[in-house]
Amino acid sequence: MNRRIDIGIDGGGTGCRVALSVNGGPVHETTGGPANIVTDPAGAEAAIRLALGAALAAAGLDLADLQDARICAGLAGGRLAGAADRFATRLPYLAYVVDDSVTAFEGALGGRDGSLASLGTGSFFIAKQNGVIRHHGGWGFQLGDEGGAAWAGRLALSLSLRVSDGRMPDDPLAHALMQACTPHPVLWAQTAKPGDFADLMHIMGAYPESPIAQKVQGAVLQVLVEGLRDLGHRSGQPLVVTGGLGARLAPQLPAGLAKDLCPPQGRALDGALQLARGLP
């Protein structure tokens, strides 16, 4: 009997997700642990194996059935040269491995030309014009991810130190951030992870009128506008802005960009599954 098994995998620093469908039927979804193929390839492999095994079991299948499968995995870190191909060789089954920005774009735009800006904990920009994909950013907290929540949280904390030094007027947000980062922000930052900096944005949300909050919001909005400009977004084509910070600021985009805004058609996991369905 001819059988078609399509599997989409979405993996990032906080977890992975698997979607499996047999012959275009119901989609079985499972979740697993972090799957960044650069920072922890062994951990990513283990997390994906477990989540995939659970999806197979939910569909009444086992590992032997993967010989019939078309698999697309969009994984964090896949954009680095050679990373996707190296990780693909770790898997005991044939899989098309790409950066998670590619599957996020496919899910958000549904295959159409257009642009996607993602401002979550990190950030990236990606566009497709006449079948050609262009993306930038997403280089991680240490060297990039401008406009993401971790970057914005670090900026807010840095500005709080300026208040402490008397370089900026007193600001209640500064005091709240300093108290959250005990015993001192400099010591706290030595062990803080990107997610810890991103969590500071929840504190900032309670002080919308704060001068620091206004400065940070303006800086993120500037990154968003400049990122879309550098990406070459074309007026009149769909523009999707995702991520908690992106969704919050998208309505404040200049009119020329705001008119192109549209909601995402789906998730990165949906994009991975759609790309798997397109494999021969």
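These legends describe close-up views of a predicted model.

**View 1. Strand β7 sits under cover.** Strand β7 spans residues 123–129. The strand is mostly covered, with seven of its seven residues buried. Side chains leave β7 in two directions. Ser123, Phe125, Ala127 and Gln129 point one way. Phe124, Ile126 and Lys128 point the other way. Both sets are buried.

**View 2. β6 pairs with β7.** Strand β6 covers residues 114–119. β6 and β7 run antiparallel, and six bridges join them. Look for Ala117, whose bridge partner in β7 is Phe125. A hairpin links β6 to β7, and three residues make the connection.

**View 3. β7 pairs with β8.** Strand β8 takes in residues 132–137. The pairing of β7 with β8 is antiparallel and extends over six bridges. Ile126 can be found opposite His135 of β8. These two strands also form a hairpin, with two residues between them. In the turn, Asn130 has a positive phi of about 50°.

**View 4. Ser118 in strand β6.** Ser118 belongs to strand β6. Is Ser118 buried or exposed? Its relative accessible area is 13%, so Ser118 is buried: the cut-off is under 20%. Beyond its neighbours within four places in sequence, Ser118 is in contact with Ser123, Phe124 and Thr242. Ser123 and Phe124 are residues of β7, and they point opposite ways from that strand.

**View 5. Helix α3 is largely enclosed.** Helix α3 runs through residues 100–109. Nine of its 10 residues are buried, so the rest of the structure largely encloses α3. The buried residues are Ser101, Val102, Thr103, Ala104, Phe105, Glu106, Gly107, Ala108 and Leu109. An α-helix has 3.6 residues a turn, so residues three or four places apart point the same way. Gly110 follows α3 and has a positive phi, near 60°.

**View 6. Ala108 and its contacts.** Ala108 lies in helix α3. Its relative accessibility is 3%, so Ala108 counts as buried. Which residues does Ala108 contact, leaving aside its neighbours within four places in sequence? They are Leu116, Val240, Pro263, Pro264, Gln265 and Gly266. Thr182 gives a longer span to trace: Ala108 and Thr182 are 74 residues apart along the chain. Their C-alpha atoms are separated by 39 Å.

**View 7. Asp65 in a loop.** Asp65 is in the loop between α1 (41–58) and β4 (69–75). Being in a loop does not settle whether a residue is covered, so check the area. With a relative accessible area of 15%, Asp65 is buried. The side chain of Asp65 reaches the backbone nitrogen of Asp62, at 2.9 Å. Leaving aside neighbours within four places in sequence, Asp65 is in contact with Arg3 and Ile5.

**View 8. A nonpolar patch on the surface.** Val38, Leu80, Trp139 and Leu143 make a nonpolar surface patch. The patch is about 430 Å². One of its members, Leu143, is found in the loop between β8 and α4 (149–164). Is Leu143 buried or exposed? Its relative accessibility is 76%, so Leu143 counts as exposed: the cut-off is over 50%.

Key: Residues numbered from 1 in each chain as written. Predicted model: local features only at pLDDT ≥ 70, side-chain atom pairs only at ≥ 80, totals over all residues. Heavy atoms only, no water. Helix = DSSP H or I, 4+ residues; strand = E, 2+ residues; numbered from the N terminus. Buried < 20%, exposed > 50% of the residue type's maximum accessible area, 1.4 Å probe, protein only. Polar contact = N/O pair within 3.5 Å; in protein donor to acceptor, adjacent residues only side chain to side chain. Contact = heavy atoms within 4.5 Å. Pairing = 2+ DSSP bridges. Patch = residues over 30% accessible without salt bridge, like charges linked within 9 Å, V, L, I, M, F, W, Y side chains within 5 Å. Areas by Shrake-Rupley, 256 points an atom, 1.4 Å probe, with all protein chains shown as cover. Salt bridge = Lys/Arg side-chain N within 4 Å of Asp/Glu carboxyl O.
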